[in-house]
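Please walk through this structure with me, helix by helix and then bridge by bridge. Keep the model open alongside the text.

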Amino acid sequence: MPHTQDGASGAPQSRREQRRAREAAEAARAADPTQVAGFYATGIDAAATARLELGKPRGGILDRAAVTGPDDGRATASAPAASGAPAVSGAPAESGAAEPATTILPAAHETPTERLDMTRPPAEPPVPPSADGADRGRRRRRIRNGILIAVSVLLLAVVWLGARALIVKSELEAAQRVVNHIQDGGTLPVSVPILGEHAAAAAAVSVDPVWRLAEFVPWAGENLRGVRLAAEALDVVTNKIGTPALEEMAKDTDESIIARVLPLLEDSTDDVVRIADGIAAVKDSGALIPQVQTGVNLVDSVMQVAAPAFEYGPELLGANGARNYLLVFQNNAESVGLGGSAASQTLMTADSGNLAIANQASSADYQEFVPVDADVDQSAIDLYSDYLVHHINTSSSRPDFPTMADIVTRFWQRDIADDTIDGVASIDPIALGYILEATGPITLTTGDVMDSGNAAQLLLSDVYSRWNSYEDPAVVDDFFASVAEQVFAKVSTGDFDIQSMLWAINHGIEGGNILFHSSHDEVQTQIAGERVAGILPKDNVDQTTVGVFFRDESASKIDYYMKSNVDATQTCTAEGSTVQVTTTLHLDITQEAADALPDYVKSGNLDWGPTTFRTQVYVYGPPGTTVESVSVEGDEVALKRDDVVDLDRPVAWFETYLNPSELATVTATFSGEGDFGPLALRTTPMVQTTTGTVTPCG
């Protein structure tokens, strides 16, 4: 059995002790180069080993190494071989020669001590284990452990995200059911708080660190971000605005509802703008799965409208100082371009959300035949004559609300008061009827009860049969003023159903019955592309929009009885598009009934009276097209001009003369090359809703 070095104990050593022993041995070998590599490494102490001798030379070659005893010549490795027996380990026997007993050392692989062979250089010493090797082992273990930990964390994160995603999905689906319930007639005060609970639960992922970190993962992260932003949008609308606003509306106070809600708008503006920007970026990322894309598109359509409203709303409502707005009341009984004649105007102020009526005027308060200094295109004058700028009643002739807003503002500042006008709004009796759906009936100073069902009749017909506007214009003006004050009181104090009011405003905007123009460029830029701005689209990218607009030139209120129908058809080819627009007017009143009309409703032309009424028809083609052809049907129907380009659109202008019960039909066809979006139609808002069809390509 090999001896241990220096008589050391054979007890097991720790790894640290083994490493220290190896380091000590290495240091010893480095200090004594005479030591044979590997000798002491066997654990044999030099003092306990036999003396090394070189074997007798045979043939000039040192064949074996022999080991003898210390001094007495006895063999130390084994006993001498028996007489006549072969030499130990195969050594040859030589006759007549008596030699000391020797033992031939076995090969190196048969003994712990390396075989000595002087005929070849000694083998390279084995490299002992080093500290670097141990470090590499430890590093491998650390890497392996790190990978295991990372995989475990990743699996846990995936499981966590999956669970959170299911929760968010469940909450958003529950929220959708509440929204559906509201759309089916559910009450907001009951439904909105429930909606808010689901929205808050879904939006909780906005503070989940795992979810937010996962949003940086390619592809999947965009989907997670889209879901999170959609949930946040719902949370802000319901919990930061909707629920608090409903609580304010429920309070019994005379303070303006707008003043009470204004702080909510200001506090939520940053969140709404942030979410709108984020949802717009995600929508166009190209990484969303269909289900997420659909939801994100819906939220984006709402937030892109809401963000400017929140961003500029407080400023418009006087959060930073009083603002003046001119409210124009259009009378659809006398159709004029955007709706009706600009019958009356009201100056309203907004100061920290508190609304007030500051002044009122009617068409009788303005100079006529003295044009205001408005910057109007010559094309508009060619179509509508100087009446556009020297009669306030016809300021709405051109189907462009910024033009009307500028003319009306200049009339007010010249003839009524030199007030700063921050914006102009327009509303007609049709929109007023929608609003009365939300406020409920109002009682006028005349004792009349006005509601959504009779508003148009009272304001556009009965008022003229009760009073002679030629003889008692002040009485008629007071009647309209009473209506404005009563509706204003209801709206400003929040005495209305919010759900019905939102519907009324949206419905009025979509029909062209509610319009708004801001005198501040940054606000106007934000709303210019919206229907409320009253601006025809500048191109055909999203839609190919054609317009049909009417202007009564009888100085009458006969359009309470006028019916209109517009059929528009689009034909597309590889080169471009052709649009045909056919318009029919029908004066739906008998001659006998016309004879009984109040004088103020009959034609202002005494030669015409109740027998003849003149209406101009302006058909605006799509941008980039030209008038290809026109045709007319009727006793007195004629094309006036088809060579005018107004608002960057070709215009076919027709003139019709109608007797009671008669019809007139005009057709204009436009064509152009290039890309055209699907067909859309805009018309003058009439008392009797315009009928017809719109047929796009395909």
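H11 and H12 are roughly antiparallel to each other, because angles over 145 degrees count as roughly antiparallel (under 35 is roughly parallel, 65 to 115 roughly perpendicular, and the rest oblique). The axes of helix H11 (residues 429-439) and helix H12 (residues 455-466) cross at roughly 150 degrees and come within 8 Å. Axes here are lines fitted to C-alpha atoms, for helices over the stretch in contact, with angles running from 0 to 180 degrees between N-to-C directions. Helices (H or I, at least four residues) and strands (E, at least two) are DSSP runs, numbered from the N terminus.

This is a predicted model, in which local features need pLDDT of at least 70 and side-chain atom pairs count only at pLDDT 80 or more, while totals for chains, interfaces and linings use all residues. Residues are numbered from 1 along each chain as its sequence is written, and side-chain values use heavy atoms, with hydrogens and water left out.

The crossing of H11 past H12 is right-handed. The term means that the near helix is turned clockwise from the far one by less than a right angle; anticlockwise is left-handed. On the H11 side, Pro-429, Leu-432, Gly-433 and Leu-436 make the contact, and they meet Ala-455, Leu-459 and Leu-460 of H12. Contact means heavy atoms within 4.5 Å. By class, this contact has 6 nonpolar residues, 1 polar and no charged ones. Ala, Val, Leu, Ile, Met, Phe, Trp, Tyr, Cys and Pro count as nonpolar, Asp, Glu, Lys and Arg as charged, and the others, Gly among them, as polar.

Which residues of H12 are buried? They are Ala-455, Leu-458, Leu-459, Leu-460, Ser-461, Asp-462, Val-463 and Tyr-464. Buried means under 20% relative accessible area, exposed over 50%, and partly exposed in between (1.4 Å probe, protein chains only). The cover over these buried residues includes strand S3 (323-331), H11, strand S8 (449-450) and helix H13 (473-492).

H11 has another partner. Its axis and that of helix H14 (residues 498-510) come within 8 Å and cross at roughly 170 degrees. H11 is therefore roughly antiparallel to H14. From H11, Tyr-434, Ile-435, Glu-437, Ala-438 and Thr-439 take part, and from H14, Ser-500, Met-501, Trp-503, Ala-504, His-507 and Gly-508. The classes here are 6 nonpolar, 4 polar and 1 charged.

Now turn to another helix pair. Helix H6 (residues 257-283) packs against helix H7 (residues 290-316) at an angle of about 140 degrees, with the axes 7 Å apart. H6 and H7 are therefore oblique to each other. H6 passes H7 in a left-handed crossing. Among the H6 residues in this contact are Leu-262, Leu-265, Val-272 and Ile-279, and H7 residues including Val-296, Met-303 and Phe-310 lie on the other side. By class, the contact has 15 nonpolar, 5 polar and 4 charged residues.

Next come the salt bridges. A salt bridge is a side-chain nitrogen of Lys or Arg within 4 Å of a carboxyl oxygen of Asp or Glu. By this rule the count is 24. One of them joins Asp-406 to Arg-410, with the closest N and O atoms 2.9 Å apart. Both sit in helix H10 (residues 401-415), 4 residues apart, so about one helical turn separates them. Asp-406 is partly exposed at 25% relative accessible area, and Arg-410 is partly exposed at 32%.

A bridge with a wider span in sequence links Glu-553 and Arg-614, whose closest N and O atoms are 3.4 Å apart. Glu-553 lies in the loop between strand S10 (544-552) and strand S11 (562-572), and Arg-614 in strand S13 (residues 613-620), so the pair ties together parts 61 residues apart in sequence. Elsewhere, salt bridges with shared partners join Arg-212, Glu-215, Glu-222, Arg-225, Arg-228, Glu-232, Lys-240, Asp-271 and Arg-274 into one network. Within it, Arg-212 bridges to Glu-215, the closest N and O atoms being 3.8 Å apart. Arg-212 is partly exposed at 33%, whereas Glu-215 is buried at 4%.

Two backbone details remain. Ser-352 is not a glycine, yet its phi is positive, about 55 degrees. Ser-352 sits in the loop between strand S4 (341-351) and strand S5 (354-362), and is partly exposed at 37% relative accessibility. Ser-385 also has a positive phi, near 65 degrees. Its place is the loop between helix H8 (378-384) and helix H9 (387-390), where Ser-385 is partly exposed at 30%.
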